[in-house]
Amino acid sequence: MKSLGLITSHVIYNDENVDWSIEDIFDVTKFDQLLGVTYSVSAKFIQTYLEKFEQTKLVVGINNESVQKAANGEINKATFKNMMINVLKSSSTKLFDQLDDKSRNKVINHQIELKVPSIGYEIHSKFYLLKNSETGATRTIIGSANLSQAAFDNSLNQFEEIFIFDDSPLYANLTKHFEQNIAPILTDYFPNELFKVVQEKQTDLDLQVNFAAQGDANQISGITVITEDDLDRIKSHDVLDRMEDVQGKIQLGLLDDDIASDIKDLPEEQFLERNKHKDETQLTETTYKIAKDVISPRSKTPQIVTPQTMKKKITQHLTVKVTNSVNEEVPQRPWLVRKDTMIDTVNGKSGLLVKDALNPDILVNFGHRASLDEIKNSFKNINHLLNNYQKYTVNYNDDYGSRIMETILYAFSAPFISVMRAHARSKEERNDIPQFLFLGGIAGSGKSSLLRILAKMTQVSTKTEDYINYNTILPRGVHNKKSQTITQLGNWLLESNVYPLLIDEIPGEFLAVQSMVRT
C-alpha cells in the first residue's frame, strides 16, 4: 500500500492535473486513429484499450537496459543481439498468439500495425498521437509511460509523467518528425512468415469446418496452433528478413557500413557474457553463432553474406530439438497440450486440449468444471479403492493410504505443475512443488496396479499407451538399448505434451548409476 497519498501516475491535461483512467486518456469515443511510440506493449493492453480504434500503428522499442550506450558501435552490437534473442524466443509470435480473434484479424488486415526499429537503431521516445478522422480533432500524449497497466496505475510505486494536449501544434510537429525521421528506420514486428503460416492453417481449418458442418461442428476448435516446426520455419525466415533489412538500410544510407564490423566483433564478447543472465545463456550463444555466420569470412572488409548462404548457415542454429522417437516401435504416448491463455475457471475451461479423434490436426477442449456431486462421487470411488488396498495389500496403514491419495491428486495436477511452480511466491515454495513422483514399495504392494488405475483415470485416448513399462520402451535386440531408453525418456520430458508420463518398473540403477543420468 502506498503511503502519504502520493500521486505516482501524474496526468496533466492542458496544464491542469486530472485523475483520468486509461479509457479517458485513450478515448475511443472521441478518436478513431492512434499512432504511438512505446518501449513495450502487452496483448492484454491492446485488447482492453486499443482494439476499438479503427486504425492503430505502434512502434515498439524492444526495451533492453543494456542498450544505453554512448557509441554507435555499441548500439549496433547490442541491438543485433537483442533482436536475435527476441527472434529466438519467438516474442512476436507469442504476442500474436496471446491476442484474441478480433485483434488478430486486425493485425492480419493491417488495422493494427506493430513496428520495431531496425538493427542499429534504438528508440527511446514515448509519445502517442490520437486523431478523429472525421472531425480532425487531435490529442497528443507525451511522457514516460509505456503501454502497460502498471504505467497508468496510481496504486503502484512507479512514477510516471503523462502530458495530454488536445488540438495542439505538437500533434503536427510530432507527426512530421515520425514520418521524416522515425518511419524510415522501422521494420515489421510480426514476421511475414507468421502470416503465411496462419493463412495456411486457417485455410485448412475452414475446410475442416465445412466438412464438419454435417456433423457436430461444435467440437471443432477454431484455434490456430503454432507447432514447433512452424516456429522453426518462422524464426529461420525472420533472421533472414532482419538481415536483409540491414542490407537495405545500408544501401539507402540509413546505416553505416561499419555495422558489419561491429557484428563481426560481437562473438568476442561471449566469454564476458557467460556469467550474466543465466536464463538467457543458450539464446545469447546462438546469437553469437548467427553473428559469425551472417558475416563473410573471405572478404577483406566485413560484408553480410548473401541471402542464400545466410539461410543455409542459420538453419542449423534455429532447429528446436524435435522429440522424435529413437525407434519406430517406441510406444505412442497420449497427447495433451495446455494453452495458458485459454484457462478460464469461471467458465469451466481447463485450458487443456486434445487432438480430435477424426482429424488429429484439429484441437478440441478437454475437461470441464466438475459439479459438487461429481466431486463427491469421485472421492467415494477413491475411498472404495483405498478399502481394496486395505484388504489385499500387506502392512496397510493410514500413512499407506495417504500416499495413494497423494499420488492420485498429483497425477491430476501434473498438467499444471509448471503453472503452479511459476506462481510460487519464493524459490523455496517452488522447490516444494516436485516435478517428479516416484512410487516405491515391496513386491505386491500395488505399485503397478496403481499406475494402471492412474492410466485409466487420466485416459485421453484409447489409441495410445497411457502406461509404459520401462523395459518395453524399446524392443529386445535394439543396439545400445540402455542408452537409447534414457534418450527416449529425455525426449519425452522435452515435449510440450503435458500428459502425465507414467513409467513402471524403473530399475534401481536408473538413479544409482551416474552414466544413466542425462543432464
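The structure holds 10 salt bridges, and I should state at once that we are looking at a predicted model. I shall begin with the salt bridges around helix H7.

Consider glutamate 193 and lysine 196. Their side chains form a salt bridge in which the closest N and O atoms are 3.8 Å apart. Both belong to helix H7, which covers residues 192-212, and because they are 3 residues apart there, about one helical turn separates them. In general, an α-helix has 3.6 residues a turn, so residues three or four places apart point the same way. The two partners differ in their surroundings. Lysine 196 counts as partly exposed, given a relative accessibility of 45%, whereas glutamate 193 counts as buried at 7%.

Glutamate 193 has a second partner, arginine 233, and here the closest N and O atoms are 2.7 Å apart. Since glutamate 193 lies in H7 and arginine 233 in helix H8, residues 228-251, this pair ties together parts that are 40 residues apart in sequence. Arginine 233, for its part, has a relative accessibility of 26% and therefore counts as partly exposed.

Arginine 233 also meets the side chain of glutamate 200 in a salt bridge, at 3.0 Å from N to O. This is again a link between H7 and H8, because glutamate 200 lies in H7 and arginine 233 in H8; the parts so tied are 33 residues apart in sequence. Glutamate 200 is partly exposed, its relative accessible area being 40%. Through their shared partners, Glu193, Lys196, Glu200 and Arg233 are joined by salt bridges into one network. The general principle is that side chains of opposite charge can pair when their charged atoms come close.

Let me turn to the loop that leads into H7. Which residues does proline 191 touch, leaving aside those up to four places away in sequence? They are Ser92, Ile234 and Asp238. Proline 191 is found in the loop between strand E9, residues 186-188, and H7. With a relative accessibility of 3%, proline 191 counts as buried. Its relation to serine 92 spans 99 residues in sequence, yet the C-alpha atoms of the two are 7.6 Å apart in space.

I move now to helix packing, starting with H13 and H14. Helix H13 comprises residues 372-392 and helix H14 residues 398-413; their axes come within 10 Å and cross at roughly 140°. The two helices are therefore oblique to each other. For the angle to count as roughly antiparallel, it would have to be over 145 degrees. The crossing of H13 and H14 is right-handed. On the H13 side, the contact is made by Phe379, Ile382, Leu385, Leu386 and Tyr389, and on the H14 side by Tyr400, Gly401, Ile404, Met405 and Ile408. By class, this contact has 9 nonpolar residues, 1 polar residue and no charged residues.

A second pair is formed by helix H3, residues 72-88, and helix H9, residues 258-265. Their axes come within 9 Å and cross at roughly 60°. That angle makes H3 oblique to H9. This crossing, too, is right-handed. H3 contributes Gly73, Asn76, Lys77 and Phe80 to the contact, and H9 contributes Ile259, Asp262 and Ile263. The classes here are 3 nonpolar, 2 polar and 2 charged residues.

Next, helix H2, residues 43-50. What are its buried residues? They are Ala43, Phe45, Ile46, Tyr49 and Leu50. These buried residues pack against both helices and strands: the helices are H1 (22-25), H4 (91-98) and H5 (101-108), and the strands are E3 (33-38), E4 (55-60) and E5 (112-117).

Finally, I draw attention to the backbone at two loop positions. Histidine 110 has a positive phi of about 65° although it is not a glycine. Its place is in the loop between H5 and E5, two of the elements against which the buried residues of H2 pack. Histidine 110 counts as partly exposed, with 48% relative accessibility.

The other position is asparagine 395, which is likewise not a glycine and has a positive phi of about 60°. Asparagine 395 sits in the loop between H13 and H14, the two helices whose right-handed crossing I described earlier. Is asparagine 395 buried or exposed? At 62% relative accessibility, asparagine 395 counts as exposed.

Definitions and conventions: Residues numbered from 1 in each chain as written. Predicted model: local features only at pLDDT ≥ 70, side-chain atom pairs only at ≥ 80, totals over all residues. Heavy atoms only, no water. Axes fitted to C-alpha atoms, helices over the stretch in contact; angles between N-to-C directions. Helix = DSSP H or I, 4+ residues; strand = E, 2+ residues; numbered from the N terminus. Parallel < 35°, antiparallel > 145°, perpendicular 65-115°, else oblique. Left-handed = near helix turned anticlockwise from the far one by under 90°. Contact = heavy atoms within 4.5 Å. Nonpolar A, V, L, I, M, F, W, Y, C, P; charged D, E, K, R; others polar. Buried < 20%, exposed > 50% of the residue type's maximum accessible area, 1.4 Å probe, protein only. Salt bridge = Lys/Arg side-chain N within 4 Å of Asp/Glu carboxyl O.
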